Each structure stands twice: as structure tokens, then as C-alpha cells.
Amino acid sequence: MMSESQDVEMRPPPPVLNGFTNGYAHATPDTSEDEMPLSQAVSMSSPVMPPRAKRSTKRRLEVSSDEEPLASSPVKQVASAVVPMPGAIDAVKTNGWAKSRSVKPESDSEQETPLAKTTRKPPRKKAKREENSGCRRCRFGRHKAEGKKGAARKRQSKPTKDSDHSEAEKTSKKTTKPRVKKAKTEPADAKLPSTPKKSGKKAVKDEDDLEGSPNKQSQKEKEEEEEMYRWWEQEGQADGSIKWTTLEHNGVLFPPQYEPLPRDVKMKYNGKELDLPPESEEVAGFYAACIGTIHADDDKFNENFFDDWKTVLKKYPPRNGIKVTSFKDCDFRPIYEHLEAEKAKRKAMTSAEKKEAKKQKDEFEMPYKHCTMDGRKEAVGNFRIEPPSLFRGRGNHPRKGALKKRVRPEDITLNLGKGAPIPKPNVPGNWGKIQHDSTVTWLANWVENVNNNHKYVFLAPGSSLKGQSDWKKFEKARKLKEHIDRIRQNYRADLKSKVMAERQRATAIYFIDKLALRAGNEKGDDEADTVGCCSLRCEHITLRPPNILVFDFLGKDSIRYFKEVEVEPQIFKNIRIFKDGKNDDDNIFDRLSTSLLNKHLTNEMDGLTAKVFRTYNASFTLQDLLDKEDVEGKSTQEKLNVYNKANRMVAILCNHHRSVPKSHSQSMDKLSQKFRGMKYDRMKLRHMLFDSDSKYKKDAKYRDDESDIDDDFIELWEDECKKRDIEKAEKKFAKDNEKREADGEKPLKPADLKETLDGIDDKYKKLKKERGTRKAAQTGNTKSDEKLKEMIDKLDERIRTFKLQMVDKEEGKEIALGTSKINYLDPRITVVWCRKNDVPIEKILSKSLLVKFPWAMDVNDEWKF
């Protein structure tokens with residue numbers, strides 16, 4: 001059973017099962033550029049931070065006396081590069097279109113009055129304050145300059161009810177939690193009418209057309225809106241341990257039972273056919289499916305597979321008595337060839353057959369896709385049980401190649417409401433256990449056999465419980481910005497602590513904050529050797545004087561983290577002290593654990609863990625980078641490039657790398673050819689213009705030939721276009737005949753296809769004659785000169801946009817943008833930015849993310865992270 005806190009924080013989209021989602025491996029990431037947040041980059045030339053005087057005089061003397069034995073020169077205190085959000089929002093104003101939203105206007109006098117001078121209301125309890133969706137000043141952007149910082153104070157601690165309204169805070173220019181007027185909570189913001197979201201297609205239409213039909217929706221869209229539970233608009237959202245009152249669902253969907261291979265398909269051992277029973281034949285098929293992949297060439301993968309297969313063979317030996325003892329003598333190719341032939345058959349299915357197969361599959365899965373929670377329909381996430389296969393893992397996982405056994409009903413624990421009907425499994429067997437725990441959000445769980453990890457079936461990412469979990473996560477990150485300066489000031493002071501545990505803890509928090517490292521946990525011998533901040537070993541950090549640290553280790557999912565980072569002198573000194581007298585395999589932070597670290601962070605802010613720093617730094621960096629870019633007057637693609645560049649910087653910060661896709665080079669070649677093909681089309685339009693009136697040959701806008709277009713390319717491109725046109729004609733002919741046959745109509749004759757192909761041949765013969773003549777005859781309706789010039793202008797815009805897309809694709813080949821969008825970037829940042837800059841939200845957030853974050857779509861237009 002999971003605790004409430006664990007349950008709330010488990011928030012990835014479909015859970016990854018042993019490196020797979022429903023049996024399919026993810027791409028293996030790679031490394032990239034510098035990881036340090038742009039908003040927090042440490043510069044040795046930064047202005048010196050005022051000396052921290054939060055501790056007592058005695059404490060300051062202890063710190064200063066520490067300087068002598070450590071033999072280190074005084075360290076320059078570097079000011080935090082992250083500007084607190086109150087000061088960053090001063091210049092935010094409501095633009096013209098945002099004013100049109102039906103927001104109740106506030107008086108000018110209130111907007112112009114500093115918060116410190118507004119009429120105070122009785123202090124509110126802390127619990128009430130936390131219900132608000134962040135600082136009111138950040139939400140409405142009415143910050144005023146707060147002047148100079150107050151005098152040095154004692155070490156700040158997490159604000160309490162008493163300290164919130166102490167006399168010292170009343171006189172201080174800067175408070176940890178500024179007194180705010182009672183503001184509407186986030187759900188209240190959600191009630192405000194949102195600006196219509198423009199899709200890619202609708203953006204092309206005239207604005208008058210859009211305004212004239214605001215309620216123009218399909219019946220399906222209206223039904224979906226009616227069905228959606230808008231939890232963010234409900235008053236008094238529960239935050240207790242009870243997650244639901246009633247719960248009904250149909251369990252999980254097991255994969256179909258294994259179907260034995262045809263009698264004539266048998267693998268060979270030492271040249272002889274093996275007559276395998278279905279149980280061992282199935283496992284042999286798992287390996288045969290890996291032939292031709294990098295896994296089949298991996299010694300560890302092969303070793304683990306063969307060990308597990310021999311265990312199966314002992315229980316289910318070959319029927320013809322052959323003993324299998326050597327992996328090298330095994331020939332799985334006959335099974336591989338059969339699997340490839342079956343794959344080719346499925347690929348060759350007609351579109352009608354594919355539609356019918358999909359329809360049957362959807363009908364079969366329909367009962368499992370939704371559950372009923374508290375009387376409302378909720379979508380279920382990963383309701384399919386992963387089929388048995390060979391474990392791939394990430395990186396150099398010690399268990400890769402191991403057999404993932406078939407999960408049976410007896411392995412499953414179902415979580416249902418009391419009195420709910422117990423579903424029947426779709427395969428023979430009975431459920432292992434039925435429980436009624438309303439404090440957790442999972443519907444089913446089991447333990448997989450490779451790593452003995454618990455696997456869960458949760459609601460879909462767009463469900464109310466998942467949405468509330470995501471909302472709380474991002475609100476907690478927003479809350480951190482109110483405390484971040486105090487936390488940084490505190491851990492900087494502890495960097496010189498005479499207590500080694502405190503010094504190690506402060507150094508670790510520095511890495512987590514500045515480099516966005518994960519906290520890290522201890523690993524067993526049968527797990528991948530991945531580390532985080534607290535589990536770093538001496539071999540993972542190399543010192544390069546005067547203040548360069550070289551990080552080289554495997555992070556989560558065996559993604560390599562390799563960075564050379566310039567750090568503060570005190571950090572460099574601390575790492576040197578922590579490594580002194582230790583071996584390469586010893587822990588650097590030997591007096592620190594993840595649990596101790598998170599316990600300390602909780603004392604700094606309620607609910608604060610190392611994970612919150614990653615969410616905060618990622619979202620803050622995106623907001624900061626987007627605010628710095630002026631995209632007024634730019635095209636949509638140029639705006640998208642600005643956003644994607646900011647997204648890439650966040651991905652680099654969070655080390656969300658990937659290996660360059662194998663098809664990237666081929667894909668870029670195709671795009672390059674398409675790019676040159678667009679230039680070819682422009683050339684033909686110019687030549688039509690010349691043929692219409694020779695005066696355009698002297699026009700500077702049209703006289704120059706397109707770059708990268710020569711005679712060889714023209715010949716090659718026209719040949720490719722001809723092949724493509726012929727292929728399209730043949731496919732259309734076959735598809736039309738399929739439709740006619742289904743409708744009971746008479747099929748088209750081969751002569752009809754021949755007539756079409758002859759027309760294509762004549763077209764390209766004419767194009768061949770036009771090569772080198774700088775003339776092009778118009779086909780079809782004759783176009784005027786003005787129309788041709790208009791077409792050239794539109795094509796020029798398409799060429800510019802396509803070039804920007806190619807640049808964007810090339811720059812992002814080693815960066816995984818999706819991970820940060822799913823887990824670390826507050827979607828409200830993207831929604832507000834798209835609205836203000838007239839960028840269709842669908843261009844940035846995929847359909848699945850729009851389903852995952854419906855609550856973000858109703859955010860106030862002046863919202864800031």
C-alpha cells in the first residue's frame with residue numbers, strides 16, 4: 001500500500017514498466033551542453049552578496065575561525081542570479097486583447113498603491129493562505145519596487161503563524177511572506193472566460209468569421225465538454241487522505257494467450273530441429289524477435305536470456321530429447337523469418353481490413369478504458385497488462401535480457417469500492433486479492449519478476465485525481481519562489497559550517513539547486529549503477545583548479561551526465577575536503593542520505609523536497625527566457641523557434657538528452673530535398689512570369705536564379721516527382737476500386753489508369769523541353785501576372801518557414817523536449833504565452849498534453865509563474 005504523500009507525487013503519464021510502456025522500449029538518451037540554469041548561472045564576477053548575519057555573533061565567530069584550519073582564502077559571496085518574482089513582474093501590464101476578457105476591473109488607486117500601504121485585514125491562518133494558488137502579487141503583476149534590503153538578520157527559519165506577523169516583519173522592507181489581501185484562489189481564476197484558443201486550421205480563417213460563430217462546435221465536442229469534470233472550478237477542494245468514496249471498474253486487460261508456431265517452423269540446435277513445447281517455444285520467439293537489433297549483439301543480454309531460457313527448458317524440455325547447453329549452437333533464424341513474414345502480411349492488409357481490425361480491438365478494450373469514481377466517468381490510464389517478453393532496460397542494466405514472465409490474475413491485487421461488483425478476468429484464473437482502500441488512487445497492482453518492482457494501474461493523465469496532483473505539484477514549485485532567497489542564504493552559510501554533516505548537506509543542496517541534480521538513492525547489486533547527488537562517488541567528480549568541477553556519472557535511466565562546471569571557490573574547497581583520504585568507490589557525501597536531506601528541506605518549507613527544485617528551476621527558467629524575448633511582428637514559425645529554444649535550454653538544464661535518432665540524417669536529407677523542391681516550384685513560377693511578360697526578367701525581385709538549383713538537380717527532381725505521381729495514381733486507382741467494390745459498383749477499367757498515366761508522362765515531357773529556356777507554359781486556367789506574383793510571395797513565406805523548421809529540427813536532435821513539458825514545465829506558462837503572442841496552443845502542446853492539463857487552459861491571462 002502506498003502512503004498518501006507517495007500517491008500524490010506519482011505523476012508521470014503512462015507508468016513506464018521496466019523501461020517500457022506497454023512493452024515498447026523508449027529511445028536511449030545521450031548527452032549535450034552545459035547544464036547550469038541560465039537564470040542561475042554562477043559568475044565569479046557577480047556582485048558580492050551582503051554578508052549573511054542571520055546567525056548570532058558567536059556563530060559568526062565560529063565560521064570565521066573555520067577559515068584558518070581549512071587554509072582557504074576568504075570566499076566571495078556570490079549574489080543569487082535568480083531574481084525574486086516580485087521584482088520581475090513590475091513591468092507586466094495588461095495588453096489590449098487581454099483587457100477584453102470579462103475580468104472585474106479594480107480601482108486605479110489600488111493598482112498604484114504599494115502592497116505595503118494597502119488596507120490590512122486581520123491575519124489569516126496558514127492553512128487558508130496555502131489554499132491560494134500562489135502569491136497574489138505574482139498573479140496580478142502589481143509589484144512595486146521594494147527598495148533596499150533590510151539590515152542583516154539572524155538565520156531565517158520557515159515562517160510560522162507567530163513570525164508571519166511579528167513586529168520585526170512589519171518594519172522590514174522585505175518579508176518572507178508578504179501580507180496580501182484576500183485574493184481569489186486558482187479555481188476562481190478558472191471561472192473567468194478564457195480567450196478562444198486558435199487551432200492551426202482556424203488561425204487561417206478571418207477573425208470576423210471566428211467572432212461570428214463563437215458557439216460553433218461539433219456535437220462530439222459539446223458532449224466531451226459536458227462529460228468533463230471541471231474539478232478546478234469546485235469550491236473547497238479536499239486535500240485529506242480520502243481520495244474517493246465509490247469506485248467501480250472492470251479490472252485489467254490481459255494479453256492473449258500464446259499461439260504455437262506452425263508445425264513447419266522450428267528453430268535449430270547444432271543443425272537439428274528442436275521440437276519445443278509452447279512454453280519454451282514462446283520464450284525462444286522473444287529472442288528471435290530481437291535478431292537484427294542492438295540487443296542481440298549484447299553479451300550480457302544474451303547471457304541473461306540463455307540462463308532464463310535454460311530454466312524454462314528444464315521444466316518444458318524439447319519433445320525430441322535434444323539437450324540445449326550452448327547458446328552459440330542455437331539458430332533462431334527460422335522463427336525470425338516466420339515473424340517477419342507475419343509482419344509483412346499485417347503491413348499488406350487493405351485499409352478496410354485494418355479499419356475492421358481496429359474496430360474489433362477498440363470494442364474489446366472499451367469496457368476497460370473507463371471507471372466510475374464517485375458517480376462520474378473517469379478515463380483509466382495503462383489498463384493493459386504488459387505481455388511477456390525480454391527485459392531491455394536502460395543503458396548497461398545488469399538484468400537486461402532477463403525473462404519478463406506472463407502476469408496472471410492470481411498476481412493482481414484489485415482496488416474497488418465496498419459493494420462494487422467484482423469484474424471477471426478476460427483470461428482463466430481468479431484475482432489474487434480484492435481490497436477497498438480509498439486513500440490510494442491506483443486501481444490494480446502487481447509485482448513484476450525482473451526487478452521485483454510494484455506496478456500500478458492509475459487513472460489517465462487527464463483525470464481529476466491526476467490533474468489535482470499536477471496542479472499541487474506546480475503550485476508547490478511556485479510557493480518555493482517565496483522562500484528561495486532565504487533557503488539559498490541559509491545553505492550558503494552552512495557551506496563553511498564546522499559540522500561536516502551540515503557542510504555536506506549545504507553542498508548537496510547547492511548542486512540540486514544550481515545544477516538541477518536529482519537527489520539519488522542507494523542501489524542494489526542487481527540494479528543499474530545510476531546515481532544522484534547524495535550517492536555521488538569520488539570517481540564521479542574530478543577537480544580542476546582553480547574552481548572547475550568535472551561531473552561524469554550515469555543518472556536516471558542510465559543517461560550519462562557529463563559537464564564541466566565553474567563553481568564558487570568554497571564549493572570547490574568543500575569537494576576537495578570531502579574526497580580527501582577516500583577511494584574512488586567511496587561516497588562523497590558519506591554523512592548524508594536522501595531522507596536526511598528531504599527532512600531538512602521540509603524544515604525550510606512545508607512539503608519541500610529535492611524534486612521541487614527541479615520543477616521550480618525548469619518553470620522559472622522557461623518563464624524568464626520567454627519574457628526576455630520580444631516576438632512582436634514575427635511569424636508564427638519564428639515564435640515557435642523562440643519557444644523551442646527556451647524549451648531546449650530547460651531540457652539541457654534537466655539533462656533530458658537523447659541519442660541522435662538513427663533516421664535523423666535520412667530525415668534531414670529528405671527535408672533538404674523538399675526544401676530545394678520548393679525552390680524549384682518558385683523557379684517555375686518565375687519562368688511563367690517571364691513567359692507572360694519579359695520585363696520581369698530585369699526586375700531585381702525575380703531575375704536571380706534560386707540557389708542550390710542546377711540542371712542536375714532539376715533533372716533528378718523531375719524524375720522523382722514523376723515516380724511519385726505515378727505511384728499516387730496507382731494507389732488512388734486501387735483505393736477507388738476497393739470503395740466501388742464495397743459499394744457494389746462496377747470497378748474502374750485498367751484503361752482508365754493508363755489514361756491517367758499517359759497524362760503524367762506528357763506533363764513531364766513538356767517539363768523536360770522547358771529545361772534551360774527560362775520559360776514555363778501555364779497549365780489549366782491561365783493566371784494573371786498579379787496572381788503569379790502573389791503565388792511567389794506566398795511561396796517565399798513557405799520557404800522561410802520551412803527553413804526555420806529545418807534549423808529547429810537540427811538543433812533539437814539530441815534534446816528530448818517532451819519530458820520537461822510533461823513533468824517539469826508549468827503548462828500555464830505556455831498557455832498564457834501562446835495567447836499573448838497569437839500562437840496556436842496545438843503547435844506546442846500535443847493533443848495528449850492538452851488532455852492532461854485541461855485546468856491550465858482556464859488560467860488568467862496575466863498569470864505568471
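Which residue in β17 is the bridge partner of D552? Hold on to that one for a moment, everyone, and let me introduce the protein. What we have here is a predicted model. The protein has 31 helices and 17 strands. It has 865 residues, and 43% of them count as buried. If you take the contacts between residues at least 6 apart in sequence, 76% of them join residues at least 24 apart.

Now, back to the opening question. The partner of D552 in β17 is F562. That bridge belongs to the pairing of strand β16, residues 548-554, with β17; the two run antiparallel and are joined by 7 bridges. Another residue to find here is L549, which stands opposite V565 in β17. Between the two strands of this hairpin there are 5 residues, and D557 takes a positive phi near 60°.

Let's look along β17 itself, residues 560-566. Its side chains alternate: Y561, K563 and V565 point to one face and are buried. R560, F562, E564 and E566 point to the other face and are not buried. So our bridge partner from the start, F562, is on the face that is not buried.

Next, let's step back to the sheet. It is an open sheet of 3 strands, in the order β15-β16-β17, with antiparallel pairing. Why is one side of β15 and of β17 left without a neighbour in the sheet? These two strands stand at the edges and have a single partner strand each, so there is nothing in the sheet on their other side. On average, neighbouring strands here are turned by 10° against each other, ignoring direction.

Two helices pack on this sheet. One of them is α20, which touches β15, β16 and β17, and its direction makes about 80° with that of β16. Helix α21, residues 569-579, touches β15 and β16, with its direction at about 125° to that of β15.

Let's move to the nonpolar cores. The largest has 77 residues, and the members that touch the most others are L480, F511, L549, F551, F589 and F613. Helix α23, residues 610-628, gives the largest share of this core, with 9 residues. There is also a second, separate core of 26 residues, which includes L274, Y287, W309 and F332.

You will have noticed L549 again. Setting aside neighbours within four places in sequence, its contacts include F511, I541, L543, V565, V567, I571, F572 and I575.

While we are at helix α23, please find S619, which is in that helix. Is S619 buried or exposed? At 0% relative accessibility, S619 counts as buried. Beyond neighbours within four places in sequence, S619 is in contact with F474, Y824, L825, D826, I829 and F865.

Now for the aromatic rings. How many aromatic pairs does a search of the whole structure find? The search finds 30. Let me show you two of them.

The first example is F305 with F332. Their ring centres are 5.9 Å apart and their planes are at 65°, so this pair is edge-to-face. F305 lies in helix α15, residues 299-315, while F332 is in the loop between β6 and α16, so the pair ties together parts that are 27 residues apart in sequence. Both F305 and F332 are buried.

The other example is Y491 with Y510. Here the ring centres are 6.5 Å apart and the planes are at 85°, so this pair is edge-to-face too. Y491 sits in helix α19, residues 484-494, and Y510 in helix α20, residues 500-515, so the pair ties together parts 19 residues apart in sequence. Y491 counts as buried at 3% relative accessibility, and Y510 counts as buried at 1%.

Y491 and Y510 also belong to a cluster. Ring pairs link them with F511, F551, F553, Y561, F578 and F589.

Last stop: charges over rings. K466 lies over the face of F458, at 4.6 Å from the ring centre. The charged end of K481 sits over the ring of F865, 5.7 Å from its centre. We met F865 a moment ago, among the contacts of S619.

If you take one thing to look at afterwards, try the hairpin: start at D552 in β16, and go across to F562 in β17. Thanks for listening!

Key:
Residues numbered from 1 in each chain as written. Predicted model: local features only at pLDDT ≥ 70, side-chain atom pairs only at ≥ 80, totals over all residues. Heavy atoms only, no water. Buried < 20%, exposed > 50% of the residue type's maximum accessible area, 1.4 Å probe, protein only. Helix = DSSP H or I, 4+ residues; strand = E, 2+ residues; numbered from the N terminus. Pairing = 2+ DSSP bridges. Core = buried A, V, L, I, M, F, W, Y, C linked by side-chain atoms within 4.5 Å. Contact = heavy atoms within 4.5 Å. Phe/Tyr/Trp six-rings, centres within 6.5 Å; stacked < 30°, edge-to-face > 60°. Lys NZ or Arg CZ within 6 Å of the ring centre and 35° of its normal. Axes fitted to C-alpha atoms, helices over the stretch in contact; angles between N-to-C directions.
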